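User: Hi! I'm new to reading structures, and I'd like to learn how each label is justified. Could you go through this one with me?

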Amino acid sequence: MGPKPGVVSIGQVARATGLSERQIRYYERKGIVRPERTPGGHRVFRPEEVERLKALAAWLHRGYTLAEAEARLSETRPERRLEELPARDAVFRPDPASLYPLRGHDPILRRIRERDGDG
DNA sequence: TTTCTGACA
DNA sequence: TGTCAGCA
């Protein structure tokens, strides 16, 4: 039988949040989430952790940096549906990357990033 | 098959 | 952050 009720694997969390497993592991390192571990060392996420990552992902998917998304985590209320969170573009400057369907080595984008001091 | 850690691009 | 190696 499965482990505990509501507990999910990193793969399931990745699919539920749209985040990569790589990102989730990195966020654990940063202390943003503390999943439990199975005797075998595999991460197991409780429902609260999944919701926390969904909220974080919601901010990230709207253009916020990890630091900004993490900061806004404490002010993300349940009554405020994640789909309604304001996009970063509406608060700060436009995200150059969203203006072009290009990858990440475009010379023009490079200039813009250097100008904005974005990494 | 899935996840884990470490490491490189 | 993506991705690969080598395990469990």
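User: What makes the pair formed by the side chain of Thr17 and the backbone nitrogen of Leu19 a polar contact?

Analyst: Good place to start! In this predicted model, a polar atom of the Thr17 side chain lies 3.1 Å from the backbone nitrogen of Leu19. The cut-off for a polar contact is 3.5 Å, so 3.1 Å falls within it and the label fits.

User: Why is Thr17 called buried?

Analyst: Thr17 has a relative accessible area of 7%. Buried means under 20%, so Thr17 qualifies. As for its place in the chain, Thr17 belongs to helix 1.

User: Which residues does Thr17 touch, leaving aside those up to four places away in sequence?

Analyst: They are Ile24, Leu53, Lys54, Ala57 and His61. Touching here means that heavy atoms come within 4.5 Å.

User: How do you know which residues surround DNA strand B?

Analyst: A residue counts as near the strand if one of its heavy atoms lies within 4 Å of it. The residues around DNA strand B are Ser9, Ile10, Gly11, Glu21, Arg22, Arg25, Arg37, Gly41, His42 and Arg43. Of the strand's atoms that come within 4 Å of the protein, 88% belong to sugar and phosphate.

User: What makes the approach of Arg25 to DNA strand B a polar contact?

Analyst: An N or O atom in the Arg25 side chain is 2.7 Å from a phosphate oxygen of the strand. Since the limit is 3.5 Å, this pair counts. Arg37 also has a side-chain N or O atom 3.1 Å from a phosphate oxygen of DNA strand B, and for Glu21 the corresponding distance is 3.2 Å. Both values are within 3.5 Å, so they count as well.

User: Which elements supply two or more residues to the surface near DNA strand B?

Analyst: Those are helix 1 (10-17) and helix 2 (21-29). Helix 2 gives the largest share, three residues.

User: How many residues of that surface are nonpolar, polar or charged?

Analyst: One is nonpolar, four are polar and five are charged. Glycine is grouped with the polar residues, so Gly11 and Gly41 are among the polar ones here.

User: And what is the pattern of chain A along the sequence?

Analyst: The order is α-α-β-β-α-α-α-α-α, with seven helices and two strands. Of the 119 residues in chain A, 30% are buried.

Definitions and conventions
Residues are numbered from 1 along each chain as its sequence is written. Chains are lettered from A and ligands numbered from 1 in the order in which they are written. This is a predicted model: local features need pLDDT of at least 70, side-chain atom pairs count only at pLDDT 80 or more; totals for chains, interfaces and linings use all residues. Side-chain values use heavy atoms; hydrogens and water are left out. A polar contact is a pair of N or O atoms within 3.5 Å; within protein, one must be able to donate a hydrogen and the other to accept it, and residues adjacent in sequence count only if both atoms are side-chain atoms. Helices (H or I, at least four residues) and strands (E, at least two) are DSSP runs, numbered from the N terminus. Buried means under 20% relative accessible area, exposed over 50%, partly exposed in between (1.4 Å probe, protein chains only).
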